[in-house]
Amino acid sequence: MAETMTAKSEAQVKPALTKSVQASVIGGIVAGIIFGILMQMMGRIGMIASMMGSESLVVGWGIHMVISVVFAIGFGLVAVNTNKIYMLGILHGIAIWIIGPLVVMPMMMGMGTMLSQAFSSGQLMSLLTHLMFSLILAFVYKKVV
């Protein structure tokens, strides 16, 4: 009997998880495009390309969109378990701000982390843009789901 309940639970969870991830990928693409336009206007897409030793805007956009989709998948994996999508969006925005521009990106550029500068004006602007990305992702996610 326990096996039947487990199989039924798995059968119910898989479609919900698949739909959640699909919705989050769509949201990540939309948010990634909007956020990418802002980044390009601020001259940041080239900095993204430089993580891979390039100066190409095309490379920068490609990397940015891959990162957007990866972060969106993470959102979708968690979103399937909550109905507080906008709160998750805020927490997600903070998390990707810490992971991306404060830790991974500067380390890839040989600078160490930027955690000690987290509350500088430039990093706070970065926090706001990452919150915007995640809230757009949450909005699109909610509309698609």
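**Briefing: helix α4 and its surroundings**

The cover over the buried residues of helix α4 includes α2 (45-50), α3 and α5. This description rests on a predicted model, in which the protein comprises 5 helices and 0 strands. Helix α4 spans residues 85-108, and it combines a set of buried residues with the largest share of a nonpolar surface patch.

**Overall architecture**

- Along the sequence, the elements of the protein succeed one another in the pattern α-α-α-α-α.
- The C-alpha trace extends over about 55 × 30 × 25 Å along its principal axes.
- The protein has 145 residues, and 36% of them count as buried.
- Among contacts with a separation of 6 or more, 67% are accounted for by residues 24 or more positions apart.
- The protein exposes an accessible surface of about 8,400 Å², and carbon and sulfur atoms contribute 72% of that area.

**Confidence of the model**

- The average pLDDT of the protein is 91, and 91% of the residues reach a score of at least 70.
- Helix α3 (residues 57-79) has the highest confidence, with a mean of 97, whereas helix α1 (residues 2-41) has the lowest, with a mean of 84.
- Where pLDDT is low, the predicted coordinates should not be read in detail.

**Helix α4: buried residues and geometry**

- The buried residues of α4 are I85, L88, G89, H92, G93, I96, W97, G100, P101, L102, M105 and P106.
- At G100, one of these buried residues, the helix bends by about 30°.
- The proline P101 follows within four residues of that bend, and P101 is likewise listed among the buried residues of α4.
- Just after α4, G110 adopts a positive phi of about 75°.

**Nonpolar surface patch**

- A nonpolar patch on the surface is formed by Y86, M87, I90, L91, I94, I98, L115, L135 and F139, which together present about 760 Å² of accessible area.
- Two elements, α4 (85-108) and α5 (121-144), each give two or more residues to this patch.
- Helix α4 supplies the largest share of the patch, 6 residues.
- Y86, a member of the patch, lies in helix α4.
- Y86 counts as partly exposed because its relative accessibility is 35%, a value between the 20% limit for buried residues and the 50% limit for exposed ones.
- Helix α5 thus appears in two roles: α5 gives residues to the patch, and α5 is also among the elements that cover the buried residues of α4.

Notes:
Residues numbered from 1 in each chain as written. Predicted model: local features only at pLDDT ≥ 70, side-chain atom pairs only at ≥ 80, totals over all residues. Heavy atoms only, no water. Patch = residues over 30% accessible without salt bridge, like charges linked within 9 Å, V, L, I, M, F, W, Y side chains within 5 Å. Areas by Shrake-Rupley, 256 points an atom, 1.4 Å probe, with all protein chains shown as cover. Salt bridge = Lys/Arg side-chain N within 4 Å of Asp/Glu carboxyl O. Buried < 20%, exposed > 50% of the residue type's maximum accessible area, 1.4 Å probe, protein only. pLDDT = per-residue confidence, 0-100. Contact = heavy atoms within 4.5 Å. Bend = angle between axes of the 7 residues up to and from the residue.
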